[in-house]
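Me: Before I rely on any of the descriptive terms for this model, I would like to go through them one at a time and hear what each rests on.

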Amino acid sequence: MNQYKTDRPIVAFVGRPNVGKSTLFNRLVGRRLAITDETPGVTRDPVFADGTINGTDVSFVDTGGMTIEKGVINELVTERSLGVAARAACIVLVLDLNEVTAEDEEFISHLRPFDRRIVVAVNKVDNPERAQAVWEFHRFGYAPVVGISATHGLNINELINAMNDKLRLSITETAGSTGEPVESAVPTGVVRIAILGQPNTGKSTLCNRLVGSENSIVSDIPGTTRDVIEGTFSHKGRNFLVLDTAGIRRKSKVNEDVEYYSVNRAIGSIENADVVFLLIDAIKGLTDQDKKIAAQVVKKGRGIILVLNKWDLVPRVGNQLEAISDRIHYLFPILHFAPILPASAANGSGLPKLLDMAVQVKQELETRIETARLNQSVARWIAHTPPPSGKRHWKVRYLTQVSVHPLNFVMFVSRVEGFPSSYVSYIQNQIRKDFSLTHVPMDIVLRD
């Protein structure tokens, strides 16, 4: 048995036999280490090689192909392949464009616990015409899905970029330096929170109160926090990881190199978060810069909760929270779904409700809707409110969810060009209503 040990994050190539895993592995490694042959099952033990992805040192692993044929060797090969996948920071699931077999389906079911780490590489896309068929592979619910040719090098750079994104998201959840499975530094099911907002809105005070420490320096001087500071805590038996970030100011205000990179790291922390707490000074209200931060969160498909901090300092007026919430939604409709909660980082009021909402938002982001169930609902929505008719009769053919966290859907229609955006909004609102996804961003992409 291969006893290779590494302290580098692992990138594992998995899939059934003869889909091109070894060819892809050799191309990325830059030399022929794995034996390639049309005979299924040539690779049995995992093959390791060190390499880099966009400057990050990694260990590439070519695994044996999973097969549902009975036999001691086949069972061992499958077990080792899944063992490597469990340790990997990024899993490249290689599928054959020409067919999806029962072995593929079986392997995919075993990989479900590792959904967030998976990139799907649809191999043997040897010409642009064949690339159209890649969309069929979105039905498995993974994102991204990249059509490639391991033999000819088609779209390999796109695949590398997708792998890099997964590495950045999951590197803290992979195996440690022993090369054996270890308990993750971030427990399974953890809610990752990034605290963002204007300088001096109380981000560090909130972080310190949540984690019960003084990790972040609290000061009235804007720009005190320059690194992304991590802390962990529990609430109602649920584990949380919180990131306290540098305050984000307008570019004209950012005049130090250190602060420039701090702001970049703060924006980058959005990708590593499940939910963003956007702290808004309850006295000053929502600013243009807050809107820009929120737009970045929505663009990346992360959950966002608008936290009206310093609520204890706001004079009490009837229905004040409702009035402020209505004004925010009116001024910034892109955040129509975002919860707005009052809180005080200074005295801790409102924080339990804030954390309860963070858990709910994460659960909504991880909701996966079966395609059959989704299209049953689509048929009902269309029967109730058909697409608008005029010079052209629009038709919705099919809707499928292609990813969780972020929530992305693909809707196949009779014609993309000119398809009414109002009807896309209608379908989106029905998804929110019928499947209880009222607090999270989602996106629907149209395809012919």
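Reply: Let us start with a helix pair: the axes of helix α11 (residues 371-384) and α12 come within 11 Å and cross at roughly 125°. Please keep in mind throughout that this is a predicted model.

Me: Why are α11 and α12 called oblique to each other?

Reply: The crossing angle is roughly 125°, and angles of 65 to 115 degrees count as roughly perpendicular while those over 145 count as roughly antiparallel. The value falls in neither range, and α11 and α12 are therefore oblique to each other. The crossing in which α11 passes α12 is right-handed.

Me: What makes up the contact of α11 with α12, by class of residue?

Reply: From α11, the residues Arg380, Trp381, Ile382 and His384 meet Tyr423, Tyr426, Ile427, Gln430, Ile431 and Asp434 of α12. By class, this contact has six nonpolar, two polar and two charged residues.

Me: Which sheet does α12 pack on, and which strands does α12 touch?

Reply: The sheet is an open one of three strands, in the order β13-β14-β15 and with mixed pairing. Its edge strands are β13 (396-403) and β15 (442-447), each of which pairs on one side only, and the twist averages 25° from one strand to the next. Helix α12 (residues 421-434) packs on this sheet and touches β13, β14 and β15, with a direction that makes about 135° with that of β15.

Me: How do you know that β13 and β14 pair?

Reply: Two strands count as paired if at least two bridges are found between them, and β13 and strand β14 (residues 407-413) pair in the antiparallel sense over six bridges. One residue pair in this ladder is Tyr398 with its bridge partner Phe412 in β14. The loop between β13 and β14 is the place of Pro406, which is joined to His405 by a cis peptide bond with an omega of about 15°.

Me: What is notable about the phi of Ser436, and where is Ser436 placed?

Reply: Phi of Ser436 is near 55°, which is a positive value in a residue other than glycine, and the residue is placed in the loop between α12 and β15. Asn18 is also a residue other than glycine with a positive phi, near 65°, and Asn18 lies in the loop between β1 (10-14) and α1 (21-29).

Me: Why does Asn18 count as partly exposed?

Reply: A residue is buried under 20% relative accessible area and exposed over 50%, with partly exposed in between. Asn18 has 37% relative accessibility, so it counts as partly exposed.

Me: What makes α1 mostly covered?

Reply: Seven of the nine residues of α1 are buried, namely Lys21, Ser22, Leu24, Phe25, Asn26, Leu28 and Val29. Just after α1, Gly30 takes a positive phi of about 90°. The helix packs on a sheet, where α1 touches β1, β2, β3 (56-62) and β4 and its direction makes about 155° with that of β3.

Me: Why are β2 and β6 said to stand at the edges?

Reply: The open sheet has six strands in the order β2-β3-β1-β4-β5-β6, with mixed pairing. Within it, β2 (47-53) and β6 (145-147) each have a single partner strand, so one side of each is left without a neighbour in the sheet. Further in, strand β4 (residues 90-96) and strand β5 (residues 118-123) pair in the parallel sense over six bridges, with Val119 in β5 as the bridge partner of Val92. Helix α3 (residues 102-111) lies across β1, β4 and β5 and runs at about 165° to β4.

Me: Why is β10 described as largely enclosed by the rest of the structure?

Reply: Seven of the seven residues of strand β10 (residues 275-281) are buried, so the strand is largely enclosed by the rest of the structure. Both faces are covered, with Val275, Phe277, Leu279 and Asp281 buried on one side and Val276, Leu278 and Ile280 on the other. As for its partners, five bridges join strand β7 (residues 191-197) to β10 in a parallel run, and β10 pairs with strand β11 (residues 303-309) in the parallel sense over seven bridges. In these ladders, Leu196 has Leu278 in β10 as its bridge partner, and Val276 has Ile304 in β11.

Key. Residues are numbered from 1 along each chain as its sequence is written. This is a predicted model: local features need pLDDT of at least 70, side-chain atom pairs count only at pLDDT 80 or more; totals for chains, interfaces and linings use all residues. Side-chain values use heavy atoms; hydrogens and water are left out. Helices (H or I, at least four residues) and strands (E, at least two) are DSSP runs, numbered from the N terminus. Axes are lines fitted to C-alpha atoms, for helices over the stretch in contact, and angles run from 0 to 180 degrees between N-to-C directions. Contact means heavy atoms within 4.5 Å. Angles under 35 degrees count as roughly parallel, over 145 as roughly antiparallel, 65 to 115 as roughly perpendicular and the rest as oblique. A crossing is left-handed if the near helix is turned anticlockwise from the far one by less than a right angle, and right-handed if clockwise. Ala, Val, Leu, Ile, Met, Phe, Trp, Tyr, Cys and Pro count as nonpolar, Asp, Glu, Lys and Arg as charged, and the others, Gly among them, as polar. Buried means under 20% relative accessible area, exposed over 50%, partly exposed in between (1.4 Å probe, protein chains only).
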